[in-house]
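I opened this notebook page to record what I looked up in the fold, going from the whole chain down to single pairings.

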Amino acid sequence: MNYKRRETTVVQIGNTPLGGSHPIRIQSMTNTSTMDTEGSVQQCIRIIEAGGEYVRLTAQGVREGENLQHIRARLRELGYHTPLVADIHFNPKAAAAAAQTVEKVRINPGNFGDPVADFIPFLNVCKAHNTAIRIGVNHGSLSERMMAKYGDTPRGMVESCMEFLRVCVAENFANVVLSIKASNTYVMVQTVRLLVATMDREGMAFPLHLGVTEAGDGEDGRIKSAVGIGTLLREGIGDTIRVSLSEDPEAEIPVARFLVDYASQQLRITNYELRVEIVDMPFDVVPDTSFIVVSNPASQSSARVVCATYHEPDLDAFRLKAATDCGAFFLDNLADGIKLTNTAPNITPQDVQSVAFGILQATGRRITKTEYISCPSCGRTLFDLQAAIKKVKAATQHLVGLKIAIMGCIVNGPGEMADADYGYVGAGAGKVSLYKGKECVLKNIPEADAVAELLQLIESQ
């Protein structure tokens, strides 16, 4: 069966419509202060020239929401007409201010407030200015009302999204995009599938924005993104994607473009067994570095192994292809092991082994190293996140099995690092707060002392 996208309605976002038969759109987000007009403009240009079709900027307050008009005007003056998207969390007034300027506004129902009292007035502003919205639900940031009813579950995330979407439908507002994201790829994929099934039952076909939040950087960030986003793209789900890497925003664009192009070129996988070789061998035997066993169930004597062969000389492309092709088998518990082969002479056995272990780590099936949950940074971040990630990794990479979150601010911090054992969260200029689980145990400590304090916290447990 040839690859086929899920049919969706069309959302008009400035001069770049989304959904329907339009291409899957690529986007990224600035990490400059939204009050820094010229710095934001220059970063928007770098994202656009890298291939970004939408650019998102944070608007944490009315002041930032209003300043988007100056950023937009300057971009238009320079000849750039790419739609801008405002990212809103706690402030409905900021959403209303931004909606009067930009082409789309993203809101999080968990932080936005009442679906009637706060939301309908915002919808009316969007109607008046032809502004699209994205209802964006993130794992770990559900409202207290939803948490009390459903817990922090896929069902709770879907219901949080659908509650606001039903208001849109009742108010005859159709310019809506949806997203449900998590740093856990299993949660992300299963929840998006549940959202699609729920919309199907209710006769809805709104377009979807895909992303794995806080994917990290380097190989881990790319593999994790490809497992989550690639799995859904291969199923025909997704109309726009953002790859959230803890790197410069423009570095996200070629990764996103590769995933979209690769998924679109492939035959849609409809029978997993065609890609799984059954190998009769003890689970505890590893004959070479390219074969990695996931588990050792006592009731079985053989492993279901995903075998995939590539001839790809580009290491990044190999990572993305293998994670896109193989991730779903482990997310859906259809395989016990993985055997990757790459015949390109410059790709070493160690490279192949690293990618195989990375796929198992990203799917949660076998943990062989410290896992880092790190946000891509945005205008809310008040310290050098990339430098912080390097320092934390250097000090903790020996702690196999721990999940450590490195987050730029309290917006993404306590909630969206819900799966982490420990958190290193920006609390202000030169200040860091440390978390154990969701509990803040050290507040506003100097950044220069934060890594040492984190190690002491871990060692004291």
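The entries below go from overall figures to the sheet, its helices and the cores.

Entry 1, the chain as a whole. I am working from a predicted model, and I first counted its secondary structure, which comes to 14 helices and 19 strands. Of the 461 residues of the protein chain, I find that 59% count as buried, while the chain exposes about 17,400 Å², with carbon and sulfur atoms supplying 50% of that area. Among contacts between residues at least 6 apart in sequence, 68% join residues at least 24 apart.

Entry 2, the sheet. In what order do the strands of the open sheet run? I traced 8 strands in the order E8-E7-E6-E5-E4-E3-E10-E9, with parallel pairing, and noted that strand E8 (176–181) and strand E9 (209–210) are the edge strands, each pairing on one side only. Within the sheet I followed strand E5 (residues 84–87), which pairs with strand E6 (residues 104–107) in the parallel sense over 3 bridges, and there I found Val-85 opposite Lys-104 in E6.

Entry 3, helices on the sheet. I see helix H7 (residues 154–170) packing on the sheet, where it touches E6, strand E7 (132–138) and E8, and its direction makes about 160 degrees with that of E7. Helix H1 (residues 37–50) lies across strand E3 (25–29) and strand E4 (54–58), and I noted that it runs at about 150 degrees to E4.

Entry 4, the cores. I looked up the largest nonpolar core, which has 102 residues, and those with the most contacts inside it are Ile-241 and Leu-340. Apart from that core lies another, of 27 residues, including Ala-395, Leu-402, Ile-404 and Tyr-424.

Notes
Residues are numbered from 1 along each chain as its sequence is written. This is a predicted model: local features need pLDDT of at least 70, side-chain atom pairs count only at pLDDT 80 or more; totals for chains, interfaces and linings use all residues. Side-chain values use heavy atoms; hydrogens and water are left out. Two strands pair if DSSP finds at least two bridges between them. Helices (H or I, at least four residues) and strands (E, at least two) are DSSP runs, numbered from the N terminus. Contact means heavy atoms within 4.5 Å. Axes are lines fitted to C-alpha atoms, for helices over the stretch in contact, and angles run from 0 to 180 degrees between N-to-C directions. A nonpolar core is a set of buried Ala, Val, Leu, Ile, Met, Phe, Trp, Tyr and Cys residues joined through side-chain atoms within 4.5 Å. Buried means under 20% relative accessible area, exposed over 50%, partly exposed in between (1.4 Å probe, protein chains only). Accessible areas come from the Shrake-Rupley method with a 1.4 Å probe; for residues, only the protein chains shown count as cover.
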